[in-house]
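The following exercises are to be worked with the sequence and the coordinates at hand. Each task is followed by a solution in steps.

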Amino acid sequence: MGLIARARVRAAVLLALGTAYIAIEVSAAAGAPETVVEVEAYRGKYSAEAWCRALVEAMPGYVSESLSVVEARLGIIPDPAVTIQILLRDAHPQTLKAISPSRRPPFRTFHYPGGRVHILLNMEFFADMRHDPRQIVLHELVHAVMRTHLKEEDYTKIPHWVREGLAVWTAEQTDERIRTVIRESVRRGSLDRVVPGLEAGDHGLGRYAEYALAMERLVERSGNDAIKKLAQELCAGESCQSVVSELSGERYARFLRESNAFARTRVATKIPRMIDAYAAIVRADKARKYSDVERRAGRFLRQHAKSWLAPNVMYFRAKAARLRKKPARAAKLLDALLDRGPEDNDYFDEALYQLGAVRLEADQPARALESARRLLRDHPDSPLLDRALYHQIAALVARGMDDEALAAIKLYERSFANGKDRRKVAALKRRVGS
Ligand SMILES: [Zn+2]
């Protein structure tokens with residue numbers, strides 16, 4: 001495979017002194033031109049926070065590390081003729097006139113006119129370590145490096161399962177995706193819907209486990225080099241179907257079918273033994289049998305405190321306590337849950353919402369304000385933004401912070417004309433106005 005020469009990654013970091021970018025030069029084999037990866041200097045709502053400064057500072061290191069991993073695992077390096085730019089942004093900048101839940105993926109890579117490849121990273125999704133920046137940079141660089149070799153229309157012709165499968169497999173996110181799929185299968189009542197076949201069903205984050213498992217199957221059949229050949233030949237413009245058939249020794253349709261069976265089996269082996277107890281809690285929550293939820297969740301957490309299903313169970317338990325009018329207990333459970341961090345917690349934003357509600361009910365507006373602000377700042381994708389903004393308004397009014405309350409009310413009116421709490425917001429407006 002002559003397309004991609006062995007490369008030496010030189011992490012020459014030109015730190016941003018007056019310039020907008022940190023550039024990382026990746027030098028290819030001797031004499032070849034250099035690829036430049038640029039990291040945009042970040043100026044956003046987290047600029048002053050220690051975790052954010054540390055992340056931005058570490059970014060060039062993550063990039064050069066990631067390029068080495070991409071080369072080692074996929075055998076590809078970026079085309080030196082194309083610059084990759086990493087843009088660090090806020091999905092919801094503080095200057096927004098109106099807000100709505102962001103439906104865009106938090107991180108994405110795309111061709112930019114003028115022959116650049118952009119990686120866009122929204123900083124909110126790194127707050128609270130919701131995502132590991134090392135893994136995210138590596139994942140996105142897999143897409144970016146491949147894009148440097150292909151025109152946009154040729155890259156997007158490659159099926160989703162191959163593009164995402166390569167990125168998830170390389171970034172070693174497969175197990176995390178499998179755990180998500182198992183929790184999702186309980187919520188939706190069937191594994192069929194979450195592992196429907198590589199080219200069946202809707203594309204989305206929930207599908208990544210099956211995509212990455214297709215790569216694992218290819219490795220089991222044909223060895224690690226098969227993945228390298230797949231990436232290299234796709235970068236050389238070969239058709240996906242013929243490369244997959246050639247590497248797997250199977251007709252393409254058969255490969256899809258067998259990979260689906262493989263994924264189901266593999267996911268099934270990762271289902272933990274306490275899944276039935278978990279499913280009973282999910283059902284009781286759905287049926288609003290909250291005393292049942294509390295009892296079952298308490299037992300689950302005594303028996304399986306270390307399970308990766310525990311964070312969701314803690315959430316169901318806390319929500320049940322709140323709805324059964326035990327605010328002090330609910331607040332304590334929610335604090336403990338949020339302290340654990342977002343790993344394996346599908347309800348992190350909802351926990352913040354519940355905590356805001358509990359604190360308002362317990363007449364602790366200062367603390368309610370904290371939860372509401374955190375949800376609004378860090379979770380631009382949450383469907384609960386309107387509810388959190390109402391909590392914020394109620395807390396501001398309760399604290400007598402009328403100017404801020406009025407500004408928040410105006411934001412609510414511009415953003416959520418049909419919001420669930422609009423009447424309560426209107427009543428608070430009359431109170432502040434009088
Ligand atoms: Zn991806």
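A residue is called buried if 20 or more other C-beta atoms lie within 10 Å of its own, exposed if 12 or fewer do, and partly exposed in between. The model is a predicted one.

**Exercise 1. The surroundings of strand β6**

Task: Determine how many residues of β6 are buried, and establish how β6 pairs with β4 and with β5.

Solution:

Step 1. Of the seven residues of β6, five are buried, so the strand is largely enclosed by the rest of the structure.

Step 2. Strand β4 (residues 83-89) and strand β6 (residues 116-122) run parallel and are joined by seven bridges. Within this pair, Q85 is placed opposite H118 of β6.

Step 3. Strand β5 (residues 107-112) pairs with β6 in the antiparallel sense, over six bridges. Here F110 has H118 in β6 as its bridge partner, and Y112 has R116.

Step 4. H118 therefore serves in both pairings, opposite Q85 and as the bridge partner of F110, by the bridge assignment that defines strand pairing.

Step 5. Three residues lie between the strands in the hairpin of β5 and β6, and G114 in this hairpin has a positive phi near 95°.

**Exercise 2. The two faces of strand β4**

Task: Assign the side chains of β4 to its two faces, and state which face is buried.

Solution:

Step 1. In a regular strand the side chains alternate between the two faces of the sheet.

Step 2. In β4, the side chains of I84, I86 and L88 point to one face, and these residues are buried.

Step 3. T83, Q85, L87 and R89 point to the other face and are not buried.

**Exercise 3. Positive phi in the loop after β6**

Task: For D128 and M129, state the location, the sign of phi and the degree of exposure.

Solution:

Step 1. D128 belongs to the loop between β6 and α2 (133-149), and M129 is located in the loop between β6 and α2 as well.

Step 2. D128 has a positive phi near 60° and is not a glycine. M129, also not a glycine, has a positive phi of about 55°.

Step 3. D128 has 16 other C-beta atoms within 10 Å and is therefore partly exposed. M129 has 12 such atoms within 10 Å and is therefore exposed.

**Exercise 4. Two helices, their spans and their cover**

Task: Compare the end-to-end span of α5 and of α15 with expectation, then identify the buried residues and what packs on them.

Solution:

Step 1. Helix α5 (residues 174-188) contains 15 residues and reaches 21 Å from first to last C-alpha, close to the 21 Å expected at 1.5 Å a residue.

Step 2. In α5, R177, I178, V181, I182, R183, S185 and V186 are buried. Their cover includes α4 (160-170), α6 (208-222), α9 (252-269), α10 (275-286) and α12 (310-323).

Step 3. After α5 comes G189, with a positive phi near 80°.

Step 4. Helix α15 (residues 365-378) has 14 residues, for which 20 Å is expected at 1.5 Å a residue; its end C-alpha atoms are 20 Å apart, which agrees.

Step 5. The buried residues of α15 are P365, A368, L369, S371, A372, L375, L376 and D378, and they pack against α14 (348-361) and α16 (385-398).

**Exercise 5. The packing of α6 and α7**

Task: Classify the arrangement of α6 and α7, and describe the residues of their contact.

Solution:

Step 1. Two packed helices are described by the angle between their axes and the distance between the axes.

Step 2. For α6 and helix α7 (residues 224-235), the angle is about 120° and the axes are 6 Å apart. The two helices are therefore oblique to each other.

Step 3. On the α6 side, M215, L218, V219 and S222 take part, meeting N224, A226 and I227 of α7. The residues of this contact comprise five nonpolar, two polar and no charged.

**Exercise 6. A loop residue and its distant contacts**

Task: Locate D421, classify its exposure, and name the residues it touches beyond four places in sequence.

Solution:

Step 1. D421 lies in the loop between α17 (402-415) and α18 (422-433).

Step 2. Its 18 C-beta neighbours inside 10 Å make D421 partly exposed.

Step 3. Not counting residues up to four places away in sequence, D421 touches D386, R387 and Y390. D421 and R387 are 34 residues apart in sequence, and their C-alpha atoms are 6.9 Å apart.

Technical notes: Residues are numbered from 1 along each chain as its sequence is written. This is a predicted model: local features need pLDDT of at least 70, side-chain atom pairs count only at pLDDT 80 or more; totals for chains, interfaces and linings use all residues. The expected span of a helix is 1.5 Å times one less than its number of residues. Two residues are in contact if their C-beta atoms, placed from the backbone, lie within 7 Å. Axes are lines fitted to C-alpha atoms, for helices over the stretch in contact, and angles run from 0 to 180 degrees between N-to-C directions. Angles under 35 degrees count as roughly parallel, over 145 as roughly antiparallel, 65 to 115 as roughly perpendicular and the rest as oblique. Ala, Val, Leu, Ile, Met, Phe, Trp, Tyr, Cys and Pro count as nonpolar, Asp, Glu, Lys and Arg as charged, and the others, Gly among them, as polar. Two strands pair if DSSP finds at least two bridges between them.
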